[in-house]
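Let's work through a few exercises together. Keep the structure open beside you and try each task before reading its solution.

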Amino acid sequence: MTDNGRVGTRGRAVVTGGSSGIGRAFAERLAARGLDLTLVARGAERLDAPAQEIRAMHGVDVQTIAADLSTPLGLDQVEAHVRQVEGLRLLVNNAGFGTTGPFAQSDIDIEEQQIRLNVLAVVRLTHAALTRMVPTGRGGIINVSSVAGFQPGPLDATYAATKAYITNFTEALYEELRGSGVRVQALCPGFTRTAFQQRAGWSQRAVPGFAWQEADDVVEASLRALGRNQAVCVPGWHNKVLVATSTKSPRALVRRISGIFSCRAFR
Ligand SMILES: NC(=O)c1ccc[n+]([C@@H]2O[C@H](COP(=O)([O-])OP(=O)(O)OC[C@H]3O[C@@H](n4cnc5c(N)ncnc54)[C@H](OP(=O)(O)O)[C@@H]3O)[C@@H](O)[C@H]2O)c1
């Protein structure tokens, strides 16, 4: 980032989950600003197309790392890259997934994978990036959380809890880093049109049309908020209303309404 808070036009951004959805939208916007990229995801072939398109369109260097961030081996590989890659300016911890259904009937190994990816990978990569950024007094980290983190999530209990962790963790770092020149942001989108819902088993029909956003609009809001050094970015007026209502209402009421909504939304 430059001193005026904009993402600079030189240096590199590491984007996890950069092959699809919100991560891909980040990759395109950051390349358009002239940043070189490292894109991380599990599927090597799913990384190839965006990498080639971005190189061709923006003339930046795009490296790809095919790694599963929910495994110690994959996480080590990406952590090592973050520790040594030249010109690190921005880390976008975006890779994540959700599960739905009663926790008691869930596959506990998949719940653990979710915690490893949505929480542990974010914590370790954030630490690796900060060891580079703090001594130089510049750089930025965007941790992709969710509006789901502002209330308990019956039938997506683990997912909502991982996102509550990420928002709280990032806000705490924001205060620790005040005056350091390094910016951190928790990006908390609501329903965004990506592959996420299908993978998580959500019924998109349960969500009214006005509640949806495009990944590109989410990313634009996030980068604008980073420019203003905003700790938490909730894109979209409807999501802002949801968060304000959730955080100001009695917890028991919020929990109950979440439960009723979840029963409709999850197949
Ligand atoms: N879409 C929404 O409505 C919404 C709302 C709030 C928050 N979010 C958050 O936004 C973030 C991005 O989600 P999205 O909506 O863009 O979903 P998406 O389209 O499913 O993209 C997920 C990305 O993460 C990668 N990924 C998944 N598991 C991985 C693993 N174990 N290791 C490395 N990479 C992995 C995927 O590639 P591979 O499958 O090839 O690994 C893909 O590039 C997530 O953190 C999600 O929780 C989404």
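## Exercise 1: A first helix pair

In this predicted model, helix 1 (residues 21-32) packs against helix 2 (residues 44-58) at an angle of about 20 degrees, and their axes are 10 Å apart. Task: work out how helix 1 and helix 2 are oriented to each other, and which residues meet.

Solution. Start with the angle: it is about 20 degrees. Angles under 35 degrees count as roughly parallel, so helix 1 and helix 2 are roughly parallel to each other. Next, look at the handedness: helix 1 crosses helix 2 in a right-handed way. Finally, list the partners: R24, A27, E28, A31 and A32 of helix 1 meet P50, E53, I54 and H58 of helix 2. By class, this contact has five nonpolar, one polar and three charged residues.

## Exercise 2: A second helix pair

Task: describe how helix 4 (residues 108-136) and helix 5 (residues 157-176) cross.

Solution. Their axes come within 9 Å and cross at roughly 15 degrees. That makes helix 4 roughly parallel to helix 5. The crossing of the two is right-handed. Sorting the residues of this contact by class gives 10 nonpolar, five polar and two charged.

## Exercise 3: Around the ligand

Task: find which of the 31 residues around the ligand come nearest.

Solution. The nearest are S20, R46, Y159, T194 and Q197. Now check the atoms. Y159 places a polar side-chain atom 2.6 Å from a ligand oxygen atom. For Q197, a polar side-chain atom lies 2.6 Å from an oxygen atom of the ligand. L69 uses its backbone: an N or O atom there lies 2.9 Å from a ligand nitrogen atom. To link the exercises, note that Y159 is also one of the helix 5 residues that meet helix 4.

Conventions
Residues are numbered from 1 along each chain as its sequence is written. This is a predicted model: local features need pLDDT of at least 70, side-chain atom pairs count only at pLDDT 80 or more; totals for chains, interfaces and linings use all residues. Side-chain values use heavy atoms; hydrogens and water are left out. Axes are lines fitted to C-alpha atoms, for helices over the stretch in contact, and angles run from 0 to 180 degrees between N-to-C directions. Helices (H or I, at least four residues) and strands (E, at least two) are DSSP runs, numbered from the N terminus. Angles under 35 degrees count as roughly parallel, over 145 as roughly antiparallel, 65 to 115 as roughly perpendicular and the rest as oblique. A crossing is left-handed if the near helix is turned anticlockwise from the far one by less than a right angle, and right-handed if clockwise. Contact means heavy atoms within 4.5 Å. Ala, Val, Leu, Ile, Met, Phe, Trp, Tyr, Cys and Pro count as nonpolar, Asp, Glu, Lys and Arg as charged, and the others, Gly among them, as polar. A residue is near a molecule or strand if one of its heavy atoms lies within 4 Å of it. A polar contact is a pair of N or O atoms within 3.5 Å; within protein, one must be able to donate a hydrogen and the other to accept it, and residues adjacent in sequence count only if both atoms are side-chain atoms.
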